[in-house]
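Trainee: Could you walk me through this one? I'm new to it and would like to start with the helices.

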Amino acid sequence: MVNNSGGPAIRARGLRVVRGGTTVLDGLDLDVPAGQVVGLLGPSGSGKTTLMRSVVGVQANVTGDLTVLGEPAGTPGLRRRVGYVTQAASVYTDLSVTENLAHFAALAGLRGGAARSAVAQAVTAVDLGGHEKQQVVSLSGGERSRVSLAAALVGDPELLVLDEPTVGLDPVLRRDLWTMFHRLAEQGRTLLVSSHVMDEATRCDRLLLLRDGELVADTTPDALLAQTGAPDAERAFLALIDRTDATGGAR
């Protein structure tokens, strides 16, 4: 059962990650509000995946304060409360949809009727009804993405962390996934969704814009366009970059 506490779903203060002598995240301060679809946008190499890995507790060399759903990131108590979907589909192609989801339900500690119910609910949530017995290898790219999302949902997480889930998908499939994201948020879940496609910014409730490991903006889509006077998100992002460069802000 989704049960957000009322505070931010994610809170970072002075978050820093150094990898191989290179600073990947440079002292980030940010809040991700609960119950919203929050876009983490920026060009490739801006630190989006590193931030997400830090949130789910699998990133090394993290310093600063990072709390997730009121607990320190990576603590055992968060394992069922946080769902993580990586860029590559993290499901077994030689298994059916149901077999995959049953496996992930077992990893979440579910057994018997509880597991079967969780699998059925996840299938419904991602609109995969009728495909339950299909092997994943026979599914389209968009359907595989939905299986990965369903695998993250079987544990009924409060927070979903999605690393570029729409990459490589056609516009129709991207639209359908974003519709699904908002439906999940309406149920009370928080979604942190990364993308380097700037037009996806307008589909989010809130935006975090990264560049070179620094936070360029923490805003809403409407405020971003109003602040920059740009006609679209991509040109708004570029306008912010130009301003921060001119004032000696983000590199």
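**Helices, rings and pockets**

Mentor: The cover over the buried residues of α2 includes α3 and α4, where contact means heavy atoms within 4.5 Å and buried means under 20% relative accessible area with a 1.4 Å probe, protein chains only. Helices here are DSSP runs of H or I with at least four residues, strands are E runs of at least two, and both are numbered from the N terminus. This is a predicted model, in which local features need pLDDT of at least 70 and side-chain atom pairs count only at pLDDT 80 or more, while totals for chains, interfaces and linings use all residues. Residues are numbered from 1 along each chain as its sequence is written, and side-chain values use heavy atoms, with hydrogens and water left out.

Trainee: Which are the buried residues of α2?

Mentor: They are V97, N100, L101, F104 and A105. These residues cover an arc of only 135° around the axis, taken from the directions from the helix axis to the C-beta atoms, and so they lie on the same side of α2.

Trainee: And what follows α2?

Mentor: G109 does, and its phi is positive, near 90°.

Trainee: Switching topic, how many aromatic pairs are there in the whole structure?

Mentor: The search finds one, counting rings of Phe, Tyr and Trp (its six-membered ring) with centres within 6.5 Å; planes under 30 degrees apart are stacked, over 60 edge-to-face and the rest tilted. The ring centres of W178 and F181 are 5.3 Å apart and their planes stand at 75°, so this pair is edge-to-face.

Trainee: Where do W178 and F181 sit, and are they buried or exposed?

Mentor: They are three residues apart in helix α5 (residues 171–186), and are therefore separated by about one helical turn. Both W178 and F181 are buried.

Trainee: What about the largest pocket, how much space lies in it?

Mentor: About 570 Å³. A pocket is an open set of points on a 1 Å grid over the protein atoms alone, where a 1.4 Å probe fits and protein lies on both sides within 12 Å along at least five of seven lines; its lining residues have an atom within 4 Å of a point. The volume is the space filled by probe spheres set on the points.

Trainee: Which residues lie nearest its centre?

Mentor: Of the 22 lining residues, R79, R80, V82, G83 and Y84 lie nearest the centre of the largest pocket. Helices α1 (48–56), α2 (97–107) and α4 (141–153) and strand β6 (82–85) each supply at least two residues of that lining.

Key. Buried < 20%, exposed > 50% of the residue type's maximum accessible area, 1.4 Å probe, protein only.
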